[in-house]
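Colleague: I am new to this model and would like a close look at one part, the place where its pieces meet. Please go through it step by step, and add a word on any bound molecule at the end.

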Amino acid sequence: MARGKARTALRNVDLTIQRGEFVCLVGPSGCGKSTVLNMFAGLVTPTDGTILHDGRVIADVNTRVGYVTQDDNLLPWRTALGNVELALECKGVGRAARRERAFDYLARVGLKGSAELYPHELSGGMRKRVSIVRTLVDDSVDVILMDEPFGPLDAQTRLVLQDELLRLWQGTGRTIVFVTHDIVEAITLSDRIATFTGVPGSIKQVRDVTLPRPRDVFHIHETPGFATIYDAIWNDLREELLNERGSDAGA
Ligand SMILES: Nc1ncnc2c1ncn2[C@@H]1O[C@H](COP(=O)(O)OP(=O)(O)OP(=O)(O)O)[C@@H](O)[C@H]1O
Ligand SMILES: [Mg+2]
């Protein structure tokens, strides 16, 4: 494609997310999932259509959403605790109160003993934990966006983090919009899964995940109903992935 030529990233995306819902977005690479999150966060403005948060049009950076991006973006000159405190500092929370709260959140993800370590002294999984609690620690944020947050991690660490995320989220009433390429991860975490078509992305299908909560991340395959929802999502996605490969082969 010629550089500088306009291209449509998304088309006809219509999705209503209820307060407190956990929604996963899945779809082929480049179909616009990150762009959708950027629009929710007010970092990208749609050329047509609107994004509403509690009935208000998002016209600027949306400070009511927290964003866990694909890269952890921790500040290298701040300890784990310092990084988690940052969000509270920006909101004007006093030093003692923010320390206590940040420490409590780190403890909930097993990082009590690592609070004073700097990002380069942490493993990839530990950095992800810091990055997630840094977003969750801020109570003024009622929607959390997560863009493939567990993408680069090994399979075992992913499961542990999925379990921790569900525990942190359950009962909070917060809304999570989570992008993943992993169908099992999407089923494990979400109330609904929106599948996107290939570029330009539009929503192909939205499916309810009715598996009971709390979910056993480590034995999710054994939960009755798992195979049915897995097959349905895979069928929605397979055609899009095949089209994507076909268009690449012909390019
Ligand atoms: N800053 C940008 N400038 C121009 N085009 C962009 C920009 N960011 C993304 N795009 C284009 O928008 C489309 C959607 O990109 P996006 O990053 O949202 O995809 P994605 O679904 O998140 O993909 P992946 O699964 O690989 O992360 C792609 O065609 C991409 O080339
Ligand atoms: Mg992306």
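Modeller: Two residues are in contact here when heavy atoms of theirs lie within 4.5 Å of each other. The structure is a predicted model.

The pieces in question are two domains. Domain 1 is made of two stretches of the protein chain, 16-58 and 148-245, while domain 2 is the single stretch 74-141. Their C-alpha centres are 25 Å apart. Where they meet, ten residues of domain 1 are in contact with twelve residues of domain 2. The two domains bury about 950 Å² between them, and carbon and sulfur atoms make up 66% of that area. On the domain 1 side, the residues that lose the most area to domain 2 are Glu 164, Leu 168 and Arg 174, which together account for 57% of what that side buries.

Glu 164 appears again in the polar part of the interface. Its side chain meets that of Arg 129 in a salt bridge, with 3.0 Å from N to O. The count of salt bridges between the two domains is one. Five residue pairs are in polar contact across the interface, both partners being at pLDDT 80 or more. By class, the residues of domain 1 that touch domain 2 are seven nonpolar, one polar and two charged.

As for the bound molecule, the residues around ligand 1 include the run Pro 28, Ser 29, Gly 30, Cys 31, Gly 32, Lys 33, Ser 34 and Thr 35, and also Arg 7, Ala 9, Glu 148 and His 181. This shell has three nonpolar, six polar and three charged residues. Polar backbone atoms are found at 2.7 Å from a ligand oxygen in Gly 30 and at 2.9 Å in Gly 32. His 181 places an N or O atom of its side chain 2.8 Å from an oxygen of the ligand. On its own, ligand 1 has 640 Å² of accessible area, of which the protein covers 55%.

Methods: Residues are numbered from 1 along each chain as its sequence is written. Chains are lettered from A and ligands numbered from 1 in the order in which they are written. This is a predicted model: local features need pLDDT of at least 70, side-chain atom pairs count only at pLDDT 80 or more; totals for chains, interfaces and linings use all residues. Side-chain values use heavy atoms; hydrogens and water are left out. A residue is near a molecule or strand if one of its heavy atoms lies within 4 Å of it. A polar contact is a pair of N or O atoms within 3.5 Å; within protein, one must be able to donate a hydrogen and the other to accept it, and residues adjacent in sequence count only if both atoms are side-chain atoms. Accessible areas come from the Shrake-Rupley method with a 1.4 Å probe; for residues, only the protein chains shown count as cover. Ala, Val, Leu, Ile, Met, Phe, Trp, Tyr, Cys and Pro count as nonpolar, Asp, Glu, Lys and Arg as charged, and the others, Gly among them, as polar. Domain bounds come from an automatic or database domain assignment. Buried area is the accessible area (1.4 Å probe) that two parts lose on being put together, summed over both. A salt bridge is a side-chain nitrogen of Lys or Arg within 4 Å of a carboxyl oxygen of Asp or Glu.
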